[in-house]
Amino acid sequence: MTGRPRSGIIGPGFIGEVHARAVRAAGGVLAAVAGHSPESSAAAATRLLAERAAPSAEELVESDDVDVVHICTPNHLHAPLAERAMAAGKHVICEKPLSTDLDGARRLAKLAAAAPTVTAVPFVYRFYPTVRDARGRVRRGDLGSLHLLHGSYLQDWLSRPEDHNWRVDASLGGGSRAFGDIGVHWCDVVEFTTGHRIARLVARMMAIPRGNDRPARGTEDAAAVLFETDRGALGSLVVSQISPGRKNRLWFSLDGAGASAQFDQELPDALWVGSREQNALVPRGGESSTGDAARYNIVPVGHPQGYLDCFTAFVADVYAATAGDTPDGLPTFDDGLRAAVVTDAVLTSARGGGWVDVP
Ligand code: SOE
């Protein structure tokens, strides 16, 4: 690529708009957008300030004026579009999940491993400076060996029976909705910050009644997961999209032999660090924060702008990778496959009842 990176976005909905803002903030050019029809593309190009409206997703993927394809469609379209974009020699950012089933995710990860281009999944919570600070502290040994990894990811946008979204329909969103949509973020960011991997888990799910015209079609509104890690820690996670008042609250605590560190997405600019002797809120970029945070501290993080800022940092690192750099912690299709493996284990346990090994 010469000049500014040129992105094309397929699926100009809520998250497509976030991608568009991040593309510009990261110094890229929004070369094209594709909606579900030429009319939808034209409206989106105007709304998102794209250079042009693509007549179709397929045209955008093949187009010479696009270097990086962003797949922001409903989940059931992710895999075929990602495969087509890789075949066209494009760099690909595919929203999670890679596919609505584990086999599809495996296929995409295998294709990505053989592709000469960059493939990434927006596990953007890795890019909060305070999350990088937590990772740096774990790596520096500040917390000691980790015993407990626990937390939750709570939203409320589906808390009423009349609320609806394509994700509620398993045929469009996949078998797991709440966990597959946001529980995977929590698992990714906790495995990323700790280096632990979830090895065994047991899960339960629930869904509120949505009336006759809004059948839940088998997808869950909330999940509770207990897990053990490959390095002997115990963990728990509650995932919910029916928790009134919680807009996008990812929270985790890493409790070690010597100290604990806690991240709260509703207070993202400081990391809580505690020990028997004292505790403190360490501001991002503070003198005691770790070098890991420094790279991302340039991102002026502040809730809820912080969400966009994380996306910007993620897109900027994808662009850097397309230029041959190797930014630390870039979430790739391998991480997308990891999310699919954990989701599959959660569904298996929730449907069958017992503890399930996570490969
Ligand atoms: C909706 O739950 C959603 O937009 C997710 O799809 C995103 O991945 C998450 O970052 C915010 O909430």
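The following conversation goes through a predicted model and asks how its descriptive words are earned.

User: What makes the protein as compact as a globular protein of its length?

Analyst: The protein has 11 helices and 15 strands. Its radius of gyration is 20 Å, and the globule rule gives 21 Å for 359 residues, so the two values are close and the protein is as compact as a globular protein of that length. Taken along the principal axes, the C-alpha atoms fill a box of roughly 60 × 50 × 40 Å. Buried residues make up 59% of the 359 residues, and of the contacts with a separation of 6 or more, 69% are between residues 24 or more positions apart.

User: Which residues does the UniProt annotation "domain: Gfo/Idh/MocA-like oxidoreductase N-terminal" cover, and what is the helix and strand content of that span?

Analyst: According to the UniProt record, which is an unreviewed entry, the annotation covers residues 7-119. In the model this span is 46% helix and 19% strand, and the C-alpha atoms at its two ends lie 13 Å apart.

User: Thr 119 lies in a strand; why is Thr 119 called buried?

Analyst: Thr 119 lies in strand β6, which runs over residues 119-120. The word buried is used for a relative accessible area under 20%, and Thr 119 has 9%, so it counts as buried. Leaving aside neighbours within four places in sequence, Thr 119 is in contact with Met 86, Val 92, Ala 112, Pro 331, Thr 332 and Phe 333.

User: Pro 331 appears among those contacts; why does Pro 331 count as buried, and where is Pro 331 found?

Analyst: Pro 331 is found in the loop between α10 (305-322) and α11. Its relative accessibility is 0%, and the cut-off for buried is under 20%, so Pro 331 counts as buried. Not counting residues up to four places away in sequence, Pro 331 touches Thr 119, Ala 120, Val 121, Phe 123, Arg 126, Phe 127 and Phe 314. One of these partners, Phe 123, is 208 residues apart from Pro 331 along the chain, yet their C-alpha atoms are separated by 6.2 Å.

User: How do you know that Ser 260 is buried?

Analyst: Ser 260 has a relative accessible area of 16%, and because buried means under 20%, Ser 260 is buried. Its place is in strand β12, residues 260-264. Apart from neighbours within four places in sequence, its contacts are Leu 143, Leu 254, Asp 255, Trp 272, Val 273 and Gly 274.

User: Why is Leu 49 called exposed, and what is noted about its phi?

Analyst: The relative accessible area of Leu 49 is 62%, and exposed means over 50%, so Leu 49 is exposed. Leu 49 has a positive phi of about 60° although it is not a glycine, and its place is in the loop between α2 (38-48) and β3 (52-53).

User: Why are Glu 58 and Ala 294 called partly exposed?

Analyst: Partly exposed is the range between the cut-offs of 20% and 50%. Glu 58, with a relative accessible area of 33%, falls in that range and is therefore partly exposed; Ala 294, at 49%, also falls there and therefore counts as partly exposed. Glu 58 is found in helix α3 (residues 57-62), where its contacts beyond four places in sequence are Leu 81 and Arg 84. Ala 294 has its place in helix α9 (residues 291-297).

User: What makes the peptide bond from Lys 96 to Pro 97 cis?

Analyst: The bond has omega near 0°, and it is cis. Pro 97 is found in the loop between β5 (91-94) and α5 (102-114).

User: How do α8 and α11 pack, and which residues make the contact?

Analyst: Helix α8 (residues 178-194) and helix α11 (residues 333-352) pack at an angle of about 115°, with axes 9 Å apart, and their crossing is right-handed. From α8 the contact is made by Phe 179, Gly 180, Val 184, Cys 187, Asp 188 and Glu 191, and from α11 by Asp 335, Arg 338, Ala 339, Val 342, Thr 343 and Val 346. By class, this contact has 6 nonpolar, 2 polar and 4 charged residues.

Methods: Residues numbered from 1 in each chain as written. Predicted model: local features only at pLDDT ≥ 70, side-chain atom pairs only at ≥ 80, totals over all residues. Heavy atoms only, no water. UniProt positions renumbered as here; feature names shortened; annotations may be inferred. Helix = DSSP H or I, 4+ residues; strand = E, 2+ residues; numbered from the N terminus. Axes fitted to C-alpha atoms, helices over the stretch in contact; angles between N-to-C directions. Left-handed = near helix turned anticlockwise from the far one by under 90°. Contact = heavy atoms within 4.5 Å. Nonpolar A, V, L, I, M, F, W, Y, C, P; charged D, E, K, R; others polar. Rg over C-alpha atoms; globule rule 2.2 N^0.38 Å. Buried < 20%, exposed > 50% of the residue type's maximum accessible area, 1.4 Å probe, protein only.
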